[in-house]
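User: Please go through the labels attached to this structure with me, and for each one set the value against its definition.

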Amino acid sequence: MQAAVALALAAPALAEDLDLPRQKVDLVAPPFVHPHEQATRQGPAIVEFRLTVEEKQIVIDDAGTKLQAMAFNGTIPGPLVVVHEGDYVEVTLVNPETNSMPHNIDFHGATGASGGGDLTLIYPGEQVVLRWKATRPGVFVYHCIPGGVGPMVPWHIASGMSGAVMVLPRDGLKDANGKPLHYDRVYYLGEQDFYVPRDAKGKFKTYDSHIDAFADTMEAMHKLVPTHVVFNGRVGALTGKNAMPAKVGETVLIVHSQADRDSRPHLVGGHGDYVWETGKFSNPPETNLETWLIRGGSAGAALYTFLQPGIYAYVNHSMIEAFELGATAHFRVEGTWNNDLMAQIRAPEPLRAGTSPQ
Ligand code: CU
């Protein structure tokens, strides 16, 4: 009898119907973000999303290195989910029967039951629906946490199973004085460290299945030395022809998540006009930052109005990670150059006698 009471206290109640409007949102692949209102006059709603777990082999660099990846909706990071404070997030999590492992989802923005992880563990061929109330505004990581303990958790995360939720204040973003802040574009960057095992000659190994890769990958992970640190799933996912477009005068919100380890984002040639370094919109944003910190297991947001055209590198300012391991993205900004902000007064030229100072 007592055990039954204890169980009843611990078990979450089954969902009651809520008399609220429903919205169904089709998620899109990062760095893009599904259409949404920045501020809303509507009351709270139940917002429905669908996340399907994909286990698959992907190429993560230009050398063709292969990873046994696990990914929400097939992308690393998983899609950015956007709602407003007070909304209910209703997620259908799908584990296709072609998969080989159980998966679940822990939303850092949710309250109770391991962020939903305890209520969403599903095996191949199953699906589950979880509803949680978005009570705290900000950007929050979500990730797989299968079984709650043991090596599966870090392995699934290091294989790509994380993403982020953005809970906007109902009346939108604000600066420290309460002045509304607006963005013209939003991009979502998920930074991911990979640990690809090497053979005796130092070459990256390839595996036929996730289970085959497991033991070697865990051994590589235990050294805490990533072989790749990338934005959006592979080296070069957001550089060159994949650069994120913007225009001079446009304000861009950059959402950056890292489920595993710290990162130090820096926009080369630009700044963070307003930065929610810890990602929580109930705290005032810092201003005019050069580099900020994304703590492992968190997401942050930075707002910047581009003032000059050109290619801007957005890097992890651990430059070895940016240049050697892949943690570089690009913005391609079109518009007119402002000579007042910067001008080359004399082009490079040979040293001439009498022109060098001292
Ligand atoms: Cu998983």
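User: How do you know where Pro77 is found, and between which strands?

Analyst: Pro77 is found in the loop between β3 and β4, given that strands are DSSP runs of E with at least two residues and helices are runs of H or I with at least four, numbered from the N terminus. Residues are counted from 1 along each chain as its sequence is written. The model is predicted, so local features need pLDDT of at least 70 and side-chain atom pairs count only at pLDDT 80 or more, whereas totals for chains, interfaces and linings use all residues.

User: What kind of peptide bond joins Ile76 and Pro77, and what is omega there?

Analyst: Omega is about 0 degrees, and the bond joining Ile76 and Pro77 is cis. The peptide bond from Pro30 to Pro31 is also cis, with omega near 15 degrees, and Pro31 is found in the loop between β1 (22–24) and β2. Most peptide bonds are trans, and most residues other than glycine have a negative phi.

User: Why does Asn232 count as buried or exposed, and what is its phi?

Analyst: A residue is buried if 20 or more other C-beta atoms, placed from the backbone, lie within 10 Å of its own, exposed if 12 or fewer do, and partly exposed in between. Asn232 has 21 C-beta neighbours inside 10 Å and therefore counts as buried. Its phi is near 60 degrees, a positive value in a residue other than glycine, and its place is in the loop between β13 (228–231) and β14 (244–247).

User: Why does Asn288 count as buried or exposed?

Analyst: Asn288 has 9 C-beta neighbours inside 10 Å, so it counts as exposed. Asn288 likewise has a positive phi of about 60 degrees although it is not a glycine, but its place is in strand β18 (residues 286–289).

User: What makes β4 mostly covered, and which way do its residues point?

Analyst: In β4, 5 of its 5 residues are buried. Leu80, Val82 and His84 point one way, while Val81 and Val83 point the other way. In a regular strand the side chains alternate between the two faces of the sheet.

User: Why is one side of β4 left without a neighbour in the sheet?

Analyst: The open sheet of 4 strands has the order β4-β9-β8-β6, with mixed pairing, where two strands pair if DSSP finds at least two bridges between them. β4 (80–84) and β6 (106–107) stand at the edges with a single partner strand each, so one side of each is left without a neighbour in the sheet. β4 and β9 run parallel and are joined by 5 bridges; the bridge partner of Val82 in β9 is Met166, and Val83 stands opposite Val167.

User: How do you know where the largest nonpolar core lies with respect to domain 1 and domain 2?

Analyst: A nonpolar core is a set of buried Ala, Val, Leu, Ile, Met, Phe, Trp, Tyr and Cys residues joined through C-beta atoms within 7 Å. The largest such core has 86 residues, and those with the most contacts inside it are Val89, Ala164, Val165, Met166, Ile254 and Val255. Domain 1 (20–170) and domain 2 (188–334) both give residues to this core, so it lies between them; the domain bounds come from an automatic or database assignment.

User: Which residues is Val255 in contact with?

Analyst: Two residues are in contact if their C-beta atoms, placed from the backbone, lie within 7 Å. Leaving aside neighbours within four places in sequence, the contacts of Val255 include Leu80, Val139, Ala164 and Met166, as well as Val186, Tyr188, Ala299 and Ala301.

User: How many residues of domain 1 are in contact with domain 2?

Analyst: Contacts link 36 residues of domain 1 with 42 residues of domain 2. β8 gives the most to the side of domain 1 that touches domain 2, with 5 residues.

User: What makes the radius of gyration of the protein agree with that of a compact globule?

Analyst: The radius is taken over C-alpha atoms, and the globule rule is 2.2 Å times the number of residues to the power 0.38. For 358 residues a compact globule would have a value near 21 Å, and the protein has 22 Å, which agrees.
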